[in-house]
Amino acid sequence: MGGGGKVYTLAEVSQHNNAKDCWLVIEGKVYNVTKFLEDHPGGDEVLLSATGKDATDDFEDVGHSTSARAMMDEFYVGDINTSTIPTKTKYTPPKQPHYDQDKTSEFVIKLLQFLVPLLILGLAFGIRFYTKSSA
């Protein structure tokens, strides 16, 4: 993969996004993989779904062999102008109130410390009332 090829913008590469004209961006390089679509072991859908973006992560996630990487040389058409690729934003989850599990268990214990004696007291009065009324 030599340098010195034409430099493309992502918009230019994105126009090549169908089975008759398919270009990919991988590791800062642009590849015309149209002739390889039928031979790709994962099927042409995999390659077509990677058009219009930096497909480096998709390519790396699969774990291509060294022979597959060497094969890329014949499809190389140029480099990508990296300033035209949108920067990836890191996902930050929305702010949520802090849930303190320890406080919740303290609350439950205090509630039970209040309710259990009341329940026992109520049960004692109920039994006493029942035994007096039936005698």
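Start with the whole chain in view and colour two ranges: domain 1 covers residues 7-84 and domain 2 covers residues 102-134. Their C-alpha centres lie 71 Å apart. Keep in mind as you go that this is a predicted model.

**Stop 1: the annotated span.** Select residues 5-81. UniProt lists this range, in an unreviewed entry, as "domain: Cytochrome b5 heme-binding". Put a distance label between the C-alpha atoms at its two ends and you should read 12 Å. Within the span, 30% is helix and 26% is strand.

**Stop 2: the sheet.** Switch to cartoon and look for the strands. You will find an open sheet of 5 strands, with mixed pairing, and walking across takes you through S1, S5, S4, S3 and S2 in that order. The edges are S1 and strand S2 (17-18), each of which pairs on one side only. Now zoom in on S1 and its partner S5: these two run in the parallel sense, with 3 bridges between them. For a landmark, select Val7, which stands opposite Asp79 in S5.

**Stop 3: Tyr8 and Trp23.** Show the aromatic side chains next; the model holds 3 aromatic pairs. One of them joins Tyr8 and Trp23 in an edge-to-face arrangement, with 5.1 Å from centre to centre and 80 degrees between the planes. Tyr8 belongs to strand S1 (residues 6-8) and Trp23 to strand S3 (residues 21-26), so this contact ties together parts that are 15 residues apart in sequence. Are these two rings buried or exposed? Tyr8 is buried, at a relative accessible area of 12%, and Trp23 is buried too, at 9%. Both values fall under the 20% cut-off for a buried residue.

**Stop 4: Phe36 and Phe75.** Move on to another ring pair. The centres of Phe36 and Phe75 are 5.5 Å apart and their planes meet at 45 degrees, so the pair counts as tilted; the cut-offs are under 30 degrees for stacked and over 60 for edge-to-face. Where does each ring sit in the fold? Phe36 is in the loop between strand S4 (29-32) and helix H2 (44-48), while Phe75 is in the loop between helix H4 (66-71) and strand S5 (76-80). The pair therefore links parts that are 39 residues apart in sequence. Turn on the surface to check their surroundings: Phe36 is buried at 17% relative accessibility, and Phe75 is buried at 11%.

Terms used:
Residues numbered from 1 in each chain as written. Predicted model: local features only at pLDDT ≥ 70, side-chain atom pairs only at ≥ 80, totals over all residues. Heavy atoms only, no water. Phe/Tyr/Trp six-rings, centres within 6.5 Å; stacked < 30°, edge-to-face > 60°. Helix = DSSP H or I, 4+ residues; strand = E, 2+ residues; numbered from the N terminus. Buried < 20%, exposed > 50% of the residue type's maximum accessible area, 1.4 Å probe, protein only. Pairing = 2+ DSSP bridges. UniProt positions renumbered as here; feature names shortened; annotations may be inferred. Domains from an automatic or database assignment.
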